[in-house]
Amino acid sequence: MAASTGAIRRRSTKYQGSVFAVGLHGLRSGDVLVPPSASGPALLIDDRLNGALFSSRFTALRPLTPVDSLWIWAVLNSQSGCARRALLAAGSTTGAVKTTDLLDMTLPVPPLAHAQNLRQALAQIEERTHQAEAPAESTWWATADLRVRNDWAITLATPHPDLLNDGEPLSSFIRELARSRSTRKAEAPEEVPGTLPVVDVSSLAGKPPRRWVEPETSGATVIAPGDLLIAGLGDYSYATVAQRPGVADPHVFVLRLLDQAQGPALAHYLNGREGQATRRILLRGSTVPSVTRADIESFPIPREALDYDGDAEPDVPLAQQLEQVLWTS
């Protein structure tokens, strides 16, 4: 396979360096982008990324066939693939995997029939890694006397502040909103009998748990299946319907719903374009953006958002999903 370099977060305004684009003889659909960090996920390029720019810090692989693209993406993101990449990065002062080492990495090659049988399952998992972005706001102007207004942050965030009044407050769908106190002093770095995983913002984003704690720890909020979990920090809500017990990190809101059947619809809306646009209005803090308890309780949910009838998104980390499909199917 051929190799070149690529991939950074879309719409980044912080990167300064050499870039190339998807399309017009640059990267193309089927290329696989591998981050320098062994813990970062690989990205499968498709037509949705046409026009996106990618930095030279990442490595782009061009598989020989489309079938190979999905297989390579899945193997690199599986638990076994992440562990193998971590071994390649061992000894590096920066923790990065060199392109030469990545190209020398052995990759299991399945029979063509087996790979084709798994293609649909792998494609469904890969599809769930995509999320539609809200269109960029057009420029606007407004006059306001900041000396007498206390909502100036909202005025500066959006030309449509009426979004905050469009729907029922999220508090009307919940019977309790809980948050944990810090459990750091009682946590273990590995799972031991009697402990539960600590669900933090990175866990909501799909990464495996890194900490475990006994549920009886003072101040810990125990997550029950069916609870709606929302990130308190960061640009994204990563709303998830819990499917197994855990202990909430202090930066995760735990919402006990009046009707658990509404959980998938609420999570789908909070993670969608409109929900993310409203969240951006409410974010506070320039270094670490965050939302408050009052923000979550007042978050408007349009009535039509409840018409969503899909299932809850799986809360199993991507690496575990791929591990199960690749090696146990």
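This is a short tour of a sheet and two helix pairs in a predicted model. Residues are numbered from 1 along each chain as its sequence is written. Local features need pLDDT of at least 70, and side-chain atom pairs count only at pLDDT 80 or more.

Start with the sheet. Select strands 8, 15, 12 and 13: these four form an open, antiparallel sheet in that order. Strands are DSSP runs of E with at least two residues, helices are runs of H or I with at least four, and both are numbered from the N terminus; two strands pair if DSSP finds at least two bridges between them. Strand 8 (174-178) and strand 13 (240-241) stand at the edges with a single partner strand each, so one side of each has no neighbour in the sheet.

Next, select residues 228-231 and 252-257, strands 12 and 15, which are joined by four bridges. Ile230 has Phe253 of strand 15 as its bridge partner.

Now add helix 7, which lies across strands 12, 13 and 15 and runs at about 15° to strand 12. Angles run from 0 to 180 degrees between N-to-C directions, and axes are lines fitted to C-alpha atoms, for helices over the stretch in contact.

Finally, move to helix 4 (residues 112-127) and helix 10 (residues 318-328), which pack at about 160° with axes 10 Å apart. The two are therefore roughly antiparallel, a term for angles over 145 degrees. Where do they touch? Contact means heavy atoms within 4.5 Å; helix 4 contributes His114, Leu118, Ala121, Leu122 and Ile125, and helix 10 contributes Leu318, Gln321, Leu322, Val325 and Leu326.

Methods
Side-chain values use heavy atoms; hydrogens and water are left out. Angles under 35 degrees count as roughly parallel, over 145 as roughly antiparallel, 65 to 115 as roughly perpendicular and the rest as oblique.
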